[in-house]
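Trainee: Could you take me slowly through a single part of this structure, and explain how its pieces are placed relative to one another? I would like to follow the reasoning step by step.

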Amino acid sequence: MKHPITYILAIVAMFAFFSGTVVADTYEGRKKCSSCHKSQAKSWRDTAHANAMASLKAGERKEAKEKAGLDPDKDYTKDKDCVGCHVDGWEQKGGYTVERPKKMLAAVGCESCHGPGRKYRGDHRKGGQAFEKSGKTTPRKRLADRGQDFHFEEACNACHLNYEGSGWKGTKEPYTPFTPEVDEKYRFDFDKMVKDDEAMHKHYKLDGAFVGDPKFKFHDEFQANAEEGEKGDEDDDDEDDD
């Protein structure tokens, strides 16, 4: 005979499943980030990463697709061998899926680099509010422990260096067809790319609410030359959520 606690746990699990209250998704979508980081979001919208999903549509990036041996007239937006490098959170909990596409995850956005925001965003927001109110700072380690990625080079390598002969240790199928053999512009250099505003986004002055390690390796360099950006709040956003 099963222990009573077994039945209790089973009932709880069943209720959670049918009520839709299973553990919350870890990916939230860029709207949550851009509502506060408005200048970064506006800068990002002009980048190739912002248009990553759109580039898979039929007729888009014809020359690049032809050079890579792809059919420029084919719609690749549901091709699982392609979509993973054009969205946030592919094959991860709460991330983008072909079966249930989410507009706010359909691009290489904030969470592709900074990590899924559900767990750390609350601490991030509270830390900013505490600093604004009293000047109290928050250790970055608290955010890192909650999932914020301050060393996201591997996240970039997973797509840009995922081809045989790249030298990256994590290569696996399906490989990217966009390699240096196709065009030299696909030779990936993280240190160079992360400083390219057209590839990532422009960096703006941060208020200093978070301190200590871990810290992105170019943090001080970026901040030394950063300009003031537009501030917002979670109730102030101009991007649709459909």
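Mentor: What follows is a close look at the aromatic cluster and the core around it, and then at one helix for comparison of method. Please keep in mind throughout that this is a predicted model.

A search of the whole structure finds seven aromatic pairs, and one of them is formed by Phe-152 and Phe-190, whose rings are 5.8 Å apart from centre to centre, with 75 degrees between their planes, an edge-to-face arrangement. Phe-152 belongs to the loop between α7 (140–145) and α8 (153–160), while Phe-190 belongs to helix α9 (residues 190–193), so this pair ties together parts that are 38 residues apart in sequence. Both Phe-152 and Phe-190 are buried.

Phe-216 and Phe-218 can be read in the same manner: their ring centres are 5.8 Å apart and their planes stand at 75 degrees, so this pair, too, is edge-to-face, given that planes over 60 degrees apart are put in that class. Phe-216 has a relative accessibility of 13%, and therefore counts as buried; Phe-218 is buried as well, because its relative accessible area is 11%, and the cut-off for that word is under 20%. The two pairs do not stand alone, for Phe-152, Phe-190, Phe-216, Phe-218 and Phe-222 form one aromatic cluster. A charge also comes into this picture, since the charged end of Lys-195 sits over the ring of Phe-218, at 4.2 Å from the centre of that ring.

We can now widen the view to the side chains around the rings. The largest nonpolar core has 15 residues, and those that touch the most other members are Phe-152, Phe-190, Met-193, Val-194, Met-200 and Phe-216. In soluble globular proteins, nonpolar side chains tend to be buried together. Val-194 shows how the core and the cluster meet: leaving aside neighbours within four places in sequence, Val-194 is in contact with Phe-152, Met-200, His-203, Phe-216, Phe-218 and Phe-222. Apart from this core lies another, of twelve residues, which include Leu-56, Val-87, Trp-90 and Tyr-96.

Met-200 leads us on to Thr-47, which is placed in the loop between α3 (38–44) and α4. With residues up to four places away in sequence not counted, Thr-47 touches Asp-197, Glu-198, Ala-199, Met-200 and His-201, and at 1% relative accessibility Thr-47 counts as buried.

For the helix, let us turn to α6. The 14 residues of α6 (residues 121–134) should span 20 Å at 1.5 Å a residue, and the C-alpha atoms at its ends are 20 Å apart, which agrees. Within α6, Arg-121, Gly-127 and Gly-128 are buried, and, seen down the axis of α6, the buried residues fall within an arc of 125 degrees, so they line one face of the helix. On the other side of α6, Lys-126, Lys-133 and Ser-134 are exposed. The buried residues of α6 pack against α2 (30–34), β1 (138–139) and β2 (210–211). After α6 comes Gly-135, which has a positive phi, near 85 degrees.

Terms used. Residues numbered from 1 in each chain as written. Predicted model: local features only at pLDDT ≥ 70, side-chain atom pairs only at ≥ 80, totals over all residues. Heavy atoms only, no water. Phe/Tyr/Trp six-rings, centres within 6.5 Å; stacked < 30°, edge-to-face > 60°. Helix = DSSP H or I, 4+ residues; strand = E, 2+ residues; numbered from the N terminus. Buried < 20%, exposed > 50% of the residue type's maximum accessible area, 1.4 Å probe, protein only. Lys NZ or Arg CZ within 6 Å of the ring centre and 35° of its normal. Core = buried A, V, L, I, M, F, W, Y, C linked by side-chain atoms within 4.5 Å. Contact = heavy atoms within 4.5 Å. Expected span 1.5 Å × (residues − 1). Arc of directions from axis to C-beta.
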